[in-house]
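Me: Please take a close look at a single part of this model, the largest pocket, and tell me which residues line it.

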Amino acid sequence: MEFAKNGDATLLGRAPLSESEEKAKMLIATDYARKMSLDLRMIDENGYSDHIDNKASHCAKLLNDYYQKYDAQKVRSLCSLTWVLTSPAETLISILR
């Protein structure tokens, strides 16, 4: 919120805004908010860990549940994605980036 008010990009861990970025600071703020609402690792993958209550984990769990439910019918693809079950939340995050 503070970034949207004053445009201080260092609050987001970024370098100061360029002149063109300064004109688009509300778009930058909206983009950061969108990413943060999904999973904080989209902002800083080293600064945050997987959490069971983030949207990406919930989505990955639902996809995994469907995969497991229909595995007997040999459904191997969901929404045109071949699902990798190493770490569903991590896979989803990398796909969404």
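Reply: A pocket here is an open set of points, on a 1 Å grid over the protein atoms alone, where a 1.4 Å probe fits, with protein on both sides within 12 Å along at least five of seven lines, and its lining residues have an atom within 4 Å of a point. This is a predicted model, in which local features need pLDDT of at least 70 and side-chain atom pairs count only at pLDDT 80 or more, while totals for chains, interfaces and linings use all residues. Residues are numbered from 1 along each chain as its sequence is written, and side-chain values use heavy atoms, with hydrogens and water left out.

The largest pocket is lined by M1, F3, A4, L12, A29, Y32, A33, M36, L40, I43 and Y48. Two or more of these residues come from each of the elements α1 (2-6) and α3 (25-38), helices being DSSP runs of H or I with at least four residues, numbered from the N terminus; α3 gives the most, with 4 residues. The space in the largest pocket comes to about 220 Å³, a volume being the space filled by probe spheres set on the points, which are joined across faces, edges and corners. By class, the lining has 11 nonpolar residues, with no polar and no charged ones; Ala, Val, Leu, Ile, Met, Phe, Trp, Tyr, Cys and Pro count as nonpolar, Asp, Glu, Lys and Arg as charged, and the others, Gly among them, as polar. Within this lining, A29 is in contact (heavy atoms within 4.5 Å) with F3 and A4, leaving aside its neighbours within four places in sequence.
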